[in-house]
Amino acid sequence: MKIATADLPETIPVFPLPGALLLPRARLPLHIFEPRYLAMLDDALKTQHRLIGMVQPREVPGSADRRLHTIGCAGRVTAFSETEDGRYMITLAGVSRYRINREVSGFTPYLKADVDWAGFDRDQGPAEKDSGFDRKTFLKLLKRFFEAEEMRTDWDSLQEAEDELLINSLSMLCPFEPEDKQALLEAPSLSTRRETLVTLIEFALRGGANEEMLQ
């Protein structure tokens, strides 16, 4: 079910989870077990839209405090199952990115925020295409990265996947740092996200931060 932008709520529950990236039209499986997030899920399921806002926490320089990044992505709970010990396995379907205006104080054990959906109109549209995508060269680079990270995949499926599904799935699955995931989330277009993804892969293959320390 697609939710019209005008019908998206002004206040949503937010789930700060480092490294967990959700993108529009993509699906994110989550394992919910903390009591506050079990309460968040129960409350979300009682609403018509069933939205949960994923967001990356960020460190504050010189402090142990953590804040939230301004931009996150909301997903609709499309599947859930409960384990015998009261935990949930859920799937979020990415609906739209949002911008946090302010965190909302209240009586819930989890965070809520007033959000703005403006500026992310393409998130609610059809799947994006990437006209500059050189799939053959990209997959050669990706194979080197997967070998270096000792990751496995179905290469035939990658060859056949649509541009958006391929690029967004890799952005969500590859083991990048939370700040890198945020850069992928904030990319204004699919081609920009692909360029960012290639840059991160090339950086990792060169040794990343370790190489900088050696110089």
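Is Pro 109 buried or exposed? In this predicted model, Pro 109 is exposed, because its relative accessible area is 52% and the cut-off for exposed residues is over 50%.

**The surroundings of Pro 109**

Pro 109 lies in the loop that links strand 7 (88–104) with strand 8. When neighbours within four places in sequence are left aside, Pro 109 is in contact with Arg 36 and Ala 39. Tyr 37 belongs to the same account: the C-alpha atoms of Pro 109 and Tyr 37 are separated by 8.1 Å, although these two residues are 72 residues apart along the chain.

**Strand 1 and its partners**

Strand 8, which borders the loop of Pro 109, comprises residues 111–116. Strand 8 runs antiparallel to strand 1, and four bridges join the two. Within this pairing, Leu 111 of strand 8 is the bridge partner of Val 14.

Strand 1 (residues 11–16) also pairs with strand 3 (residues 51–55). Here the sense is parallel and the pairing extends over three bridges. Val 55 in strand 3 is the bridge partner of Pro 16. Strand 1 is mostly covered, with five of its six residues buried.

**Helix 6 and its two packing partners**

Two packed helices are described by the angle between their axes and the distance between the axes. The table gives these values for two pairs that involve helix 6.

| Helix pair | Angle between axes | Distance between axes |
|---|---|---|
| Helix 2 (residues 135–149) and helix 6 (residues 190–205) | about 45° | 10 Å |
| Helix 5 (residues 178–186) and helix 6 | roughly 160° | within 8 Å |

Helix 5 is therefore roughly antiparallel to helix 6, since angles over 145 degrees count as such. The crossing of helix 5 and helix 6 is right-handed. On the side of helix 5, the contact is made by Asp 180, Ala 183, Leu 184 and Leu 185; helix 6 contributes Arg 193, Thr 196, Leu 197 and Leu 200. By class, this contact of helix 5 with helix 6 has five nonpolar, one polar and two charged residues.

Helix 2 and helix 6, by contrast, are oblique to each other. Helix 2 passes helix 6 in a left-handed crossing. From helix 2, the residues Phe 138, Leu 141, Leu 142, Arg 144, Phe 145 and Ala 148 take part. They meet Leu 197, Val 198, Ile 201, Glu 202, Ala 204 and Leu 205 of helix 6. The contact of helix 2 with helix 6 has 10 nonpolar, no polar and two charged residues. Leu 197 of helix 6 appears in the contact with helix 2 and also in the contact with helix 5.

Methods
Residues numbered from 1 in each chain as written. Predicted model: local features only at pLDDT ≥ 70, side-chain atom pairs only at ≥ 80, totals over all residues. Heavy atoms only, no water. Axes fitted to C-alpha atoms, helices over the stretch in contact; angles between N-to-C directions. Parallel < 35°, antiparallel > 145°, perpendicular 65-115°, else oblique. Left-handed = near helix turned anticlockwise from the far one by under 90°. Contact = heavy atoms within 4.5 Å. Nonpolar A, V, L, I, M, F, W, Y, C, P; charged D, E, K, R; others polar. Buried < 20%, exposed > 50% of the residue type's maximum accessible area, 1.4 Å probe, protein only. Pairing = 2+ DSSP bridges.
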